[in-house]
Each structure stands twice: as C-alpha cells, then as structure tokens.
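Please open the model in your viewer, with the sequence panel beside it, and follow the stops below in order.

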Amino acid sequence: MSRYSVEDIAEKPAEKESAKAAYRVLYDGQCEICQACVSWLKTLDRENRTVCVPISAEVLPTVDARLNLDDCLRQLHVVTPGGEIHVGWDAVACLARLFPSTWLIGALGQRFPFRNAGRLLYEFVATNRYSLSKCRGGACRVAKPEAVRRQARLGAFWSCYTLGFFIRLPLVLWAGIKAAGQRMSTFALTYHKRLDLLNGKLNILFLDGMLPNTVPLLFGELFTTVLYDGAAIDPGSPKMRRSLARHLRQVKPKIKKVVATHAHEEHVGNLNWLAELTGAPIFVSEMTARFLTPFKNLPWVRATIIGQPANLKQPYHLLGETIDTESGYLQVIPTPGHCDDHIALYDPKEKVLLAGDAFMGSYFATPNPDVDSQKWLLSLERLMELDIEILVEGHGHIHTLRGDIPDFRGVVIREDPKVAISQKLDYLRWLREQIEAGFQEGLPVRAVEASCFPWENRTSWESCATDECMRLLSLGHFSRTELVRSFVRRNDDQLPTVYEIRISGGE
Ligand SMILES: [Zn+2]
C-alpha cells in the first residue's frame, strides 16, 4: 500500500521534448530484455542524462532522420547530444561510460579484446531475444505485433515475465529497502504528533498502538482521526484508544458530532467510546449502520493487529445530504468503491475534501476484497466535479498547493488534489482496459494480473516487494490479485470477503 510519486506512474510525453540535450536511447518496447535494461538505466541515471524512447515508426523521424525502423528493432541505437549514432554493443559501452558505477565497463568495453567479446555477446542476445518477446501489457501495439506473435513460442509470456523479474530483482529489493526506510522515517516523524491546520479548524491526530504500529511500518498507512470544525471523523480502533485519549487531553476540542466515513475496523472501533466520553451524537450512513449492527467477525490477522470493533450502540443518527458543523456545514457524498458504504465529506466554503479511504494515493495496487473498482471509478468522477484545494486522506496524507498548509515531510504532498484524482482515474481506466481485454482473450487470472503490472512500468517493480509482503502478511486478503478481481465483481460472486457478505450479495 505504499505510494509513489506521480512521475512513476506514467512517463510524461513532455520528457521527449526535453530530450534535445540528452543521450537518446532507442529501445524495443516489445523486448523484455531491452525493457529490463531500461529499468537499470533509469536507476543509474540520476541526473537525467538519458531519455529512453520506445521505437515506433512515428517517433523515429522526430529523433533523427537517419534512423531506420528495421535497424533499430535489430539492435540498440543511441543518439548522443552531439548527433553521433552508436549501435549495438558500442551503444551499451557509450551509456556505461556515463555513470561512475559502470564507467569502467564502458571504458574497457571499447578496447580489444573486451570490445570483440562484447559484440559477440550482444549479437547472441540480440538474435535470440525475440523468442522471449511478449504480447501482453500493451507493448506489442508499438511496432510489428504480427512478427512478435509469430516468433514468440508457447509460454513466451511467462518466460519473459519471469526473466524480466529476475533481471530486475536487485532493483526490486533495493526499492523495497528504500521504501521501508521512508516508511520508518514518516512513522517516526508522526509518532505522537498532530497537525493543527486552518487556524485550528482542522486537526489531524496521528494514532498509534503497539500492534497497529506494524501497519505504518510495513505498509506506510498511517492511522488518523480528523477533527473538523466540531466533528470528530473516524476515531480509530480500540487498540488506538489510548493515543486518541492522549490527543484529546492535549487539544481539548469541543466535539459536537462523531462521524464515520465507512465501516472498516480502523475507522469505527471507538465510535461508542468517543460518543460516551464527549456526549456527542454518532452520525453514520444507513449502510454503515447496517454493517456495524452486528459487526461481523474480522479475519484473525486483522482482529489481532487492528482490533475487533464492538457493535454500534443506539442511539445514533443517519447521515443526510449535509451535516452541520460549528461554522458551516459539510456535504455528505456517497463514494462507494473502497467499500460499498463509503462516504466523503466536503466543505464547499473552505474547498476541503475529507476523502476518508475514497482516495488512497494515485497508485494503489493492493486492495482488500471489499473493493469494487468500477464503482470507485464513478465515485472519483463525482469527486472531480468538486472544487478541491485541500484533500485529506483517511490514512494521513494531505494533497494541497495551498500556502497556509505548512510542509510536513511524508504527510503533506504538494500537488493539485484534482490532478492527483485525475491521475488515479487514468490509472484505474488503464487497468480496466487491461483486465477487460485479458478476460476477453480468455487469459487466466494470473496472466491478467501480470499484464496489469508489466515490468516496463516503474511502479510494478518498485512496489513489488511491498505489495508481495502485504499479500503474504494479510494471508492474501490484500493483494494485486484482488485488484484484478475488484474490476470483475458481480453480485453473485463467491469470493472470499472480509465481512462474510457483501451487502449486495448477502440479503
Ligand atoms: Zn477502509
């Protein structure tokens, strides 16, 4: 569930424009080996001295008029800033000399006998790589798809996917370690902390608890309660109660309402407790109330780590279209997708969206079995109609460009909230396309899943270690496989579900 910056999700077309002064690397986007080498190149190239361009008939003339499609498909071409063209092994050596860690390989590679050996090796790989080329993940739309399909042997997809993984394995592990370091530092920065924003109108309380702390450390999701203009939103789970009580002693807020965005255990476990403590009434949606009375038994991993919430006690109120706050009101916006009962809260005056879990970063690849991505797409489209300046996620991230929100490393993300949502939409739409095409072709779920995470997408390998760790530790509840399933849910689906029933199937 870790998150990645926007640039990682898709290469920007603008990158090609800024390429004039860089080494332009023309590679075969259909070739798993070429793609893996590009992943390495991008990791080595911290100063953006190279720009990688997948070959297509349209793009070649824009790079250099001397380039020819067939030659480029046969071997690697590099165009230097000075206009020289290096080919094959010489192109590899030329690139290697650009970076300190590979400089020696490049320098030796241009001399006898390494140059001759390099050329032979390159020749061997270049002539055999087509038998490994893949036809999924969109790559074969680039150039000569028929030739690739004809030459790819049975099982080529899996062999090249596996090969792509192993060539990148050191990168996968390194990205995993780096992400773990970032999670640890964000956790340390937010431990026992709170953010007081908008002159005290908005407080983000970071919650913790001995076992719940494993979640931010392993997956990067922080636990929070949001106080907004007299309303306490999502007061955490019983195992985070002590940290919530500590915050309340410090802030001494006037809580007039206790609200939940949805019925997940880390959001609703203290509803009764906080209502009794403050005397404030509870507000939930009609569907959330149904999920909470009685609250179904959680799978044991989640019950142990987060804590099993109690059933919702009477009296409680059902949310209408708006809910009054101290100085105004919040719109209640149904946002199913993350789960069926989800609502988001929006302050049109301040242009603040309290999104709960309706937005969890632009890239999010390990949903739980409650997720229905088709519904999530519609919900995000609805949110795109709002004028949003500050987007507060339910797990501690804030997206805003506003200057009155101070910087906070690992929490405040300086980007336009609407841009973040539209990127999420683009990503979900692309996934839907991959998944629908995959099932139409009659591919097994595993192959569809792999084609949703082609290694040429940086996020696929960068988040691989975290995603798979998540799958393992949640016993398969949160996984990339669920992401695929989340697009093809039907009401009569017999899938493993967290609450034993989904509301649509269990009545
Ligand atoms: Zn949730």
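Is K252 buried or exposed? In this predicted model, select K252 in the loop between α12 and β9, and you will find that K252 is exposed, with 8 other C-beta atoms within 10 Å. While the residue is selected, look at its backbone: K252 has a positive phi of about 45 degrees, although it is not a glycine. Most residues other than glycine have a negative phi.

Next, select D234, which lies in the loop between β8 and α12. D234 is not a glycine either, and its phi is positive, at about 55 degrees; its surroundings, however, hold 27 other C-beta atoms within 10 Å, and D234 is therefore buried.

Now zoom out to the whole protein, which has 22 helices and 18 strands. Of its 507 residues, 44% count as buried, and among contacts between residues at least 6 apart in sequence, 68% join residues at least 24 apart.

For the following stop, show the open sheet of seven strands, which run in the order β5-β6-β7-β8-β9-β10-β11 with mixed pairing. At its edges stand β5 (194-197) and β11 (317-318), and each has a single partner strand, so one side of each is left without a neighbour in the sheet. β5 pairs with β6 (residues 202-207) in the antiparallel sense over four bridges, and if you select D196, its bridge partner in β6 is N203. Add helix α12 (residues 241-251), which packs on the sheet where it touches β5, β6 and β7 (223-228), its direction making about 145 degrees with that of β6. Then add helix α14 (residues 271-278), which also packs on the sheet, touching β8 (231-233), β9 (257-259) and β10 (282-284), with its direction at about 175 degrees to that of β9.

Two peptide bonds deserve a selection of their own. Most peptide bonds are trans. The bond from F112 to P113, however, is cis, with omega near 0 degrees, and P113 is placed in the loop between α7 (103-109) and α8 (114-128). A cis peptide bond also joins Q314 and P315, with omega about -5 degrees; P315 is in the loop between α16 (300-305) and β11.

Finish with helices α17 (residues 373-384) and α18 (residues 417-440), whose axes come within 10 Å and cross at roughly 150 degrees. The two helices are therefore roughly antiparallel to each other, and their crossing is left-handed. Among the residues that make the contact are W376, L377 and L380 of α17 and I421, L425 and L428 of α18; the residues of this contact divide into eight nonpolar, two polar and four charged.

Notes
Residues are numbered from 1 along each chain as its sequence is written. This is a predicted model: local features need pLDDT of at least 70, side-chain atom pairs count only at pLDDT 80 or more; totals for chains, interfaces and linings use all residues. Axes are lines fitted to C-alpha atoms, for helices over the stretch in contact, and angles run from 0 to 180 degrees between N-to-C directions. Angles under 35 degrees count as roughly parallel, over 145 as roughly antiparallel, 65 to 115 as roughly perpendicular and the rest as oblique. A crossing is left-handed if the near helix is turned anticlockwise from the far one by less than a right angle, and right-handed if clockwise. Two residues are in contact if their C-beta atoms, placed from the backbone, lie within 7 Å. Ala, Val, Leu, Ile, Met, Phe, Trp, Tyr, Cys and Pro count as nonpolar, Asp, Glu, Lys and Arg as charged, and the others, Gly among them, as polar. Two strands pair if DSSP finds at least two bridges between them. A residue is buried if 20 or more other C-beta atoms lie within 10 Å of its own, exposed if 12 or fewer, and partly exposed in between; C-beta atoms are placed from the backbone.
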